[in-house]
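Me: Could you take a close look at the salt bridges in this model for me? I would like to know which side chains pair up and how buried or exposed the partners are.

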Amino acid sequence: MSQNATSVAIIGGGISGLVCAARLSQLGLTNTIVFDTGKHATGGRCSSRYINISGKLQIFDHAVQFFTVSDPRFAKIVSFLHNKNAVKIWSGKIVELKKGRAPSEVKGLQAFIGTRGMVSVPECLSSLARVEINKWISSVHWDPVVNKWKVDDCGWFDYLVIAHNGKCAASLMADSGAPEIHNLLKVKFGPVLLPKTRVMQLCSLWVLLAAFPSKIKLDYDGAFVDHPDVSWIGNNTSKYNSENTVDCWTVISTQDFGANHKVPQEHIPPSKEKEVIHLLLKGLAEATGLDFKTLKPCFTKVQLWGAANPLNRLQGEGCAFKAGQKVGVCGDWLVSPCVEGAAMSGLNLAEVISQHVKGERRDVGLQSSLVPLESKTIGAFPTNKLLVFNPTK
């Protein structure tokens, strides 16, 4: 079978799935479709909300806040995104806040953001792939007779890629006929990694979007926070050079807070919503030294991010692949919980699939073990080995 005729279904339109699709196309595997549940756009955790406040759309990054570059292959992707005006360098001041200490600026951190919110990153990557949004895939099944995958009502495919995780991914693969892949996708939830766990573990986080009618007087634009309830605060207004009269902030909870206040994320009780808003605003005040009584937002919205960041990762080649059944898995939990980690996993899996099409029959990552991760709640930022990006090259 020629590479052009080989079909690939990718379930999940986050960064790993989109990069996997783009790389497959580069490698000649152009008959690839990305299926994503997003109603309006792809992106997964790399997304933004546009909210009308006082007659003007405001940008809020509500999951990924920024990303960094440490791998030369990822630098090429960022260079492409920069040339397409999809990303820019965030020159804002980022600090660490610890109780009883003055804010400490994070040095050597070259942070990247989307030009119109983080959502502009997956929007640009989507231009390199065939994508079907608002598409829920409820069943996949491997048929050894025809040597293909039946993907819901979307047809038959030669290869299947699972580019998301959590309960939905585990449930999707439970009766698919690929037990080794299903075992990799089994998941537990909790704020602290269980000792000797053999399955992926994800934390839950609450995210507060808050707009204030006047500028909050802080001399920094983002902060990693050492507080029982709050792990990150970020100023979206300064981030996107807005001339707005309102000040738009994102507040992300800690893992413990997410676990202690977890409810069904599809149906958050109004009383819990009110409680979480109050506690996260209070945490914002306590972390920054602001007077809580003066924090009078003109807009608030909270979201429970049920399957947030992984607390462990699969040690190995940055992806997983079952050669006999032509099915693979990619995602940040196979490399590092950040945009770069997701992208590198997608690249790795695309190259494994390409080699398989050419005749290389080997399993990848199926016998690898899970190892603990130590990173900031909002993602990993390997500041000790960052590349400095030069937009002129």
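Reply: Happy to; here is a walk through the salt bridges, with a little of the surrounding protein.

A word on the basis: this is a predicted model, in which local features need pLDDT of at least 70 and side-chain atom pairs count only at pLDDT 80 or more, while totals for chains, interfaces and linings use all residues. Residues are numbered from 1 along each chain as its sequence is written, and side-chain values use heavy atoms, with hydrogens and water left out.

For the setting, the protein has nine helices and 24 strands (DSSP runs numbered from the N terminus: H or I of at least four residues for helices, E of at least two for strands). Buried residues (under 20% relative accessible area, against over 50% for exposed and in between for partly exposed, with a 1.4 Å probe and protein chains only) make up 56% of the 393 residues.

Now to your part. The structure holds 17 salt bridges, each a side-chain nitrogen of Lys or Arg within 4 Å of a carboxyl oxygen of Asp or Glu. In one of them, D332 meets R45 with N to O at 2.8 Å. These two are 287 residues apart: D332 sits in the loop between β23 (327–329) and α9 (339–357), and R45 in the loop between β2 (31–35) and β3 (48–53). D332 is buried at 7% relative accessible area, whereas R45, at 22%, is partly exposed.

Another bridge joins D61 and K239, whose closest N and O atoms are 2.8 Å apart. Here strand β4 (residues 56–61) supplies D61 and helix α6 (residues 236–239) supplies K239, a link across 178 residues. D61 has a relative accessible area of 0%, so this residue is buried; K239 is buried too, with 3%.

E180 and K322 form a further bridge, again with 2.8 Å between the closest N and O atoms. The pair connects helix α5 (residues 179–185), home of E180, to strand β22 (residues 320–322), where K322 lies, 142 residues apart. E180 is partly exposed at 32% relative accessibility, while K322 counts as buried at 17%. Beyond these pairs, R23, D71, R73 and E351 are joined into one network by salt bridges that share partners.

Finally, a note on cysteines: the structure holds zero disulfides, the cut-off being cysteine sulfur atoms within 2.5 Å. The sulfur of C46 is 11 Å from the closest cysteine sulfur, in C338, so it is too far for a bond. C46 is buried, with a relative accessible area of 1%.
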